[in-house]
Amino acid sequence: MFSRRALLATPGFAMAEEEAFPSWPIFDDSEAQAVEAVIRSGKWGRGGGKQVEAFEAAFAQRTGAAHCLAVANGTSALLTAMGVLDIGPGDEVIVPPYTFIATVNAVLRFHAVPVFADIDPATLQIDPRRVEQQITPRTRAIVMVHMAGGVGELGQVAELAKRRGIPLVEDAAQAHLAEWNKRHVGTLGTLGCFSFQASKNLNAGEGGALLAQDAALAERAYAFHNNSRGRSQPGTEFHYQMTGANLRLTEMQGALLLAQMRRIEKQAERRTQNARRLDAVLSQNPLLQPCGVGSGCTRHAYHLYMFRCAEGRRASLLEHLRTHGISASTGYAPLEEEPFLENAMRSRGWEFAYGKNYFAKWKKRNGCPENRKACGETVWFTQNILLAGERAMGRLEKAIASWKA
């Protein structure tokens, strides 16, 4: 059997390797050794081990957060945020429509109402003007998603939230290392939520984190994710503070994340370099438009490279890329138009509470024309494509440049 080293030395194989896009995750023996050490220790849960606590300290230091709580996944981080903020029936939570369903599911789990604020077509991030228009006396939180690892007008949204006295939750599931005015995202709002799911730039298969600057909120978050049990003190182990759930991260995942963090900075630099190359080639075609960022975004995380293709031309581009062996995605469908939302609302008795025409009024209020248009035009390249070497990036650039609609 050939070793990988021997195969790379085989004529023709190295060239094929350089022309291919990297698989994900990227790992070596350090991950295996870290997990094996946890297994052999016999301390697999955070209650007896030290890996989760070590990761929390490392991630807090890397982001500049005062407090970091590791949780089971990114959805768990959002659920913990909603629980900490006492979101409940009758409350409204403003969310963007261009996001993964977890953002909305976290709101619905607490029997609250998701209210959609349309996106800025240039960035695909939530539009601060639409956020303000959607605020009512029922608004209890604003969720700003840093979609694809880019950052929209976070400063404007944060200022609005502060002025109106509304907590701001940053959904930074895709935004590891992204920055706003040189501050790491997730630290500018009331709470910041991250995901370490298998596709993410920092990966443990599953996992998540909640960042907080306020010690009291951090303590409530710990209790919520630990089935309402606060940090252990003698004689208080079974006294409960609040409702909660078991959303704890395992020691194996903590060890994996510590090992993966060694690579994240260099990988981020490679993604940024390759994204700039794509910006340059797309700018040569008037039918293609890279997505921008907010005026204060000082670092893009590039979990996805997103761009827009002129209306009616996307299918042609995707087929052209496919013939060149390049995978691309159309991204999200309009979330605000998903049929399950009506069923979810009716099942929670909202029409009984607020009137028979509640959903019809909600639907009219939550129209998002910019999101609908963007969903029909946007193309995604995943983050592993942006880790490609010179040959593979050259092939991608040539494929884009040779497309004729």
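## An antiparallel sheet around β6

Let's start with a small piece of this predicted model: strand β6 (residues 179–180) runs antiparallel to β7, and two bridges join them. One of the pairings involves Trp180, whose bridge partner in β7 is Arg183.

The sheet here is open and has three strands, in the order β7-β6-β11, with antiparallel pairing. The edges are taken by β7 (183–184) and β11 (297–299), each with a single partner strand, so one side of each is left without a neighbour in the sheet.

## Strand β4 and its parallel partners

Next comes β4 (139–145), which takes part in parallel pairing. Strand β2 (residues 92–95) runs parallel to β4, and three bridges join the two. Within that pairing, Glu92 has Thr139 of β4 as its bridge partner.

β4 also pairs with β5, again in the parallel sense, over four bridges. Here Val145 finds its bridge partner in β5, at Asp171. How much of β4 is buried? Six of its seven residues are, so the strand is largely enclosed by the rest of the structure.

## Helix α8 and its buried side

Helix α8 (residues 154–164) is a nice one to look at alongside these strands, and Leu154 has its place in it. The buried residues of α8 are Leu154, Val157, Leu160 and Ala161. They cover an arc of only 130 degrees around the axis, which puts them on the same side of the helix. The spacing fits a general rule: an α-helix has 3.6 residues a turn, so residues three or four places apart point the same way.

What do these buried residues pack against? Their partners are α7 (128–134), β4, β5 (168–171) and β6. Just after the helix, Gly165 takes a positive phi of about 70 degrees.

Leu154 deserves a closer look. Its relative accessible area is 0%, so Leu154 counts as buried. Setting aside residues up to four places away in sequence, Leu154 touches Met144, His146, Leu168, Glu170, Trp180 and Leu188. Trp180 in that list is also the residue paired with Arg183 of β7. For a sense of distance, the C-alpha atoms of Leu154 and Phe55 are 27 Å apart, with their positions 99 residues apart along the chain.

## Glu336, a buried acid

Now to the loop between α12 (314–323) and α13 (340–347), where Glu336 lies. Glu336 is buried yet has no salt bridge. Its nearest side chain of opposite charge is that of Arg372, 5.9 Å away, and a salt bridge would need the charged atoms to be within 4 Å.

What does the side chain of Glu336 meet in a polar contact? It is the side chain of Asn371, at 2.8 Å. Leaving out neighbours within four places in sequence, Glu336 is in contact with Pro97, Phe116, Leu341, Trp362, Asn366, Cys368, Asn371 and Arg372.

Arg372 does form a salt bridge with Glu337, where the closest N and O atoms are 2.9 Å apart. Glu337 lies in the loop between α12 and α13 and Arg372 in helix α16, so the pair ties together parts that are 35 residues apart in sequence. Glu337 is partly exposed, with a relative accessible area of 37%.

## Salt bridges elsewhere

In total, the structure holds 20 salt bridges. One of them joins the side chains of Glu390 and Arg277, at 3.0 Å from N to O. Because Glu390 lies in helix α17 (residues 390–401) and Arg277 in helix α11 (residues 264–282), this pair ties together parts that are 113 residues apart in sequence. Glu390 is exposed, with a relative accessible area of 57%, while Arg277 counts as partly exposed at 24%.

Another salt bridge brings together the side chains of Arg308 and Glu377, at 2.9 Å from N to O. Arg308 sits in strand β12 (residues 304–309) and Glu377 in the loop between α16 (369–375) and β13 (378–382), so parts 69 residues apart in sequence are tied together. Are these two residues buried or exposed? Arg308 counts as buried at 7% relative accessibility, and Glu377 counts as buried at 6%.

Finally, there is a network of salt bridges to find: Asp28, Glu31, Arg262 and Arg263 are linked in it.

Methods
Residues numbered from 1 in each chain as written. Predicted model: local features only at pLDDT ≥ 70, side-chain atom pairs only at ≥ 80, totals over all residues. Heavy atoms only, no water. Pairing = 2+ DSSP bridges. Buried < 20%, exposed > 50% of the residue type's maximum accessible area, 1.4 Å probe, protein only. Contact = heavy atoms within 4.5 Å. Lys, Arg positive; Asp, Glu negative; His and termini not counted. Polar contact = N/O pair within 3.5 Å; in protein donor to acceptor, adjacent residues only side chain to side chain. Arc of directions from axis to C-beta.
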